[in-house]
Amino acid sequence: MKAQLEITKLKSDFRSYCTWDPTKPSPTIITFLRYFFLIPEFRTVVYYRIGYLSLLISWLFRPQKCCYLNARIIGGGLHIQHGFASIVSARSIGKNFHVHQLVTVGWTSKGCPVIGDDVRVNAGAIVIGGITIGNDVEIGAGAVVTKDIPDHSMVVGVPAKIIKRRKSISDMWE
């Protein structure tokens with residue numbers, strides 16, 4: 001049952017990459033293989049989803065450690081874009097999580113973050129501590145987040161401050 005759930009999440013992750021691709025390819029096995037061989041971030045997502053099975057096939061396709069993932073639960077739609085040197089260690093991560101390069105999501109003595117659905121963490125951002133990041137949150141490049149962020153918020157700066165809000169994910173940022 002758990003394996004089937006991870007395959008469902010991997011399909012969602014794959015659709016996220018297809019949506020991101022400017023050519024908007026159909027999600028076929030050929031596209032999947034192309035992404036697997038050519039996009040190290042996608043390969044990292046695949047290895048994360050298949051767990052211990054990755055040890056059996058990693059001797060064929062050396063995994064590139066572009067992003068370290070450590071969370072008990074990561075929802076479908078995970079997208080690592082230019083994930084070089086990113087560390088994502090959270091208690092749980094919701095669906096449609098999008099992370100860029102040089103991002104740190106991690107522990108302090110107060111615990112580790114819980115991240116909601118539809119969250120985007122841009123380049124160089126730091127999210128640390130036993131905090132909660134709500135649903136539909138955009139964390140700006142270089143922001144340092146050490147406090148809870150409510151739903152439908154955009155934050156930037158050091159320390160991070162809310163600069164924009166919206167009522168739902170379908171609304172424009174105010």
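**Exercise 1: the end of the sheet**

Work out how β12 and β13 pair, parallel or antiparallel, and how many bridges they share.

*Solution.* Start with the direction: in this predicted model, β12 and β13 run antiparallel, and four bridges join them. Next, pick a pair of residues to look at: methionine 154 sits opposite lysine 164 in β13. Then follow the chain round the hairpin of β12 and β13, where four residues lie between the strands and glycine 157 has a positive phi near 95°. Now zoom out. The open sheet has six strands in the order β2-β4-β7-β10-β12-β13, and its pairing is mixed. Its edges are β2 (79-80) and β13 (161-165), each of which pairs on one side only.

**Exercise 2: parallel neighbours**

Find out in which sense β10 pairs with β12, and what stands opposite valine 137.

*Solution.* Take the strands first: β10 (residues 137-139) and β12 (residues 153-156) are parallel, with three bridges between them. Valine 137 faces serine 153 in β12. Now try another pair: β4 (residues 98-99) also has a parallel partner, β7 (residues 119-121), through two bridges. There, valine 99 is opposite valine 121.

**Exercise 3: a valine in a loop**

Decide whether valine 103 is buried or exposed, and say which residues it touches.

*Solution.* First locate valine 103: look in the loop between β4 and β5 (104-106). Next, check its accessibility. The relative accessible area of valine 103 is 0%, and buried means under 20%, so this valine counts as buried. Finally, list its company. Leaving out residues up to four places away in sequence, valine 103 touches several residues, among them Ala85, Ile87, Val121 and Ala125. Take Val121: it is 18 residues from valine 103 in sequence, yet their C-alpha atoms are 7.3 Å apart in space.

**Exercise 4: which way does α2 face?**

Name the buried residues of helix α2 and explain why they line one face.

*Solution.* Pick out the buried residues of α2 (residues 29-38): Thr31, Phe32, Tyr35 and Phe36. Now look down the axis of α2: these buried residues fall within an arc of 135°, so they line one face of the helix. Last, check the face turned away from them, which carries the exposed residues Ile29, Ile30 and Leu38.

**Exercise 5: hunting for salt bridges**

Find how many salt bridges the whole structure has, then work out what each one links.

*Solution.* The search turns up three. Let's take them one by one.

- Step one: aspartate 13 pairs with arginine 49, with their closest N and O atoms 2.7 Å apart. Aspartate 13 belongs to helix α1 and arginine 49 to helix α3, so the pair ties together parts 36 residues apart in sequence. Aspartate 13 is buried at 0% relative accessibility, and arginine 49 is buried at 5%. The side chain of arginine 49 also has a polar atom 2.9 Å from the backbone oxygen of isoleucine 74.
- Step two: glutamate 138 meets arginine 120 at 4.0 Å, N to O. Glutamate 138 is in strand β10 and arginine 120 in strand β7, so this pair ties together parts 18 residues apart in sequence. Arginine 120 is partly exposed, at 29% relative accessible area.
- Step three: arginine 166 pairs with aspartate 136, and their closest N and O atoms are 2.6 Å apart. Arginine 166 comes from the segment after β13, while aspartate 136 is in the loop between β9 (132-133) and β10, 30 residues apart. Arginine 166 counts as buried at 14% relative accessibility, and so does aspartate 136 at 4%.

Conventions:
Residues numbered from 1 in each chain as written. Predicted model: local features only at pLDDT ≥ 70, side-chain atom pairs only at ≥ 80, totals over all residues. Heavy atoms only, no water. Pairing = 2+ DSSP bridges. Buried < 20%, exposed > 50% of the residue type's maximum accessible area, 1.4 Å probe, protein only. Contact = heavy atoms within 4.5 Å. Polar contact = N/O pair within 3.5 Å; in protein donor to acceptor, adjacent residues only side chain to side chain. Arc of directions from axis to C-beta. Salt bridge = Lys/Arg side-chain N within 4 Å of Asp/Glu carboxyl O.
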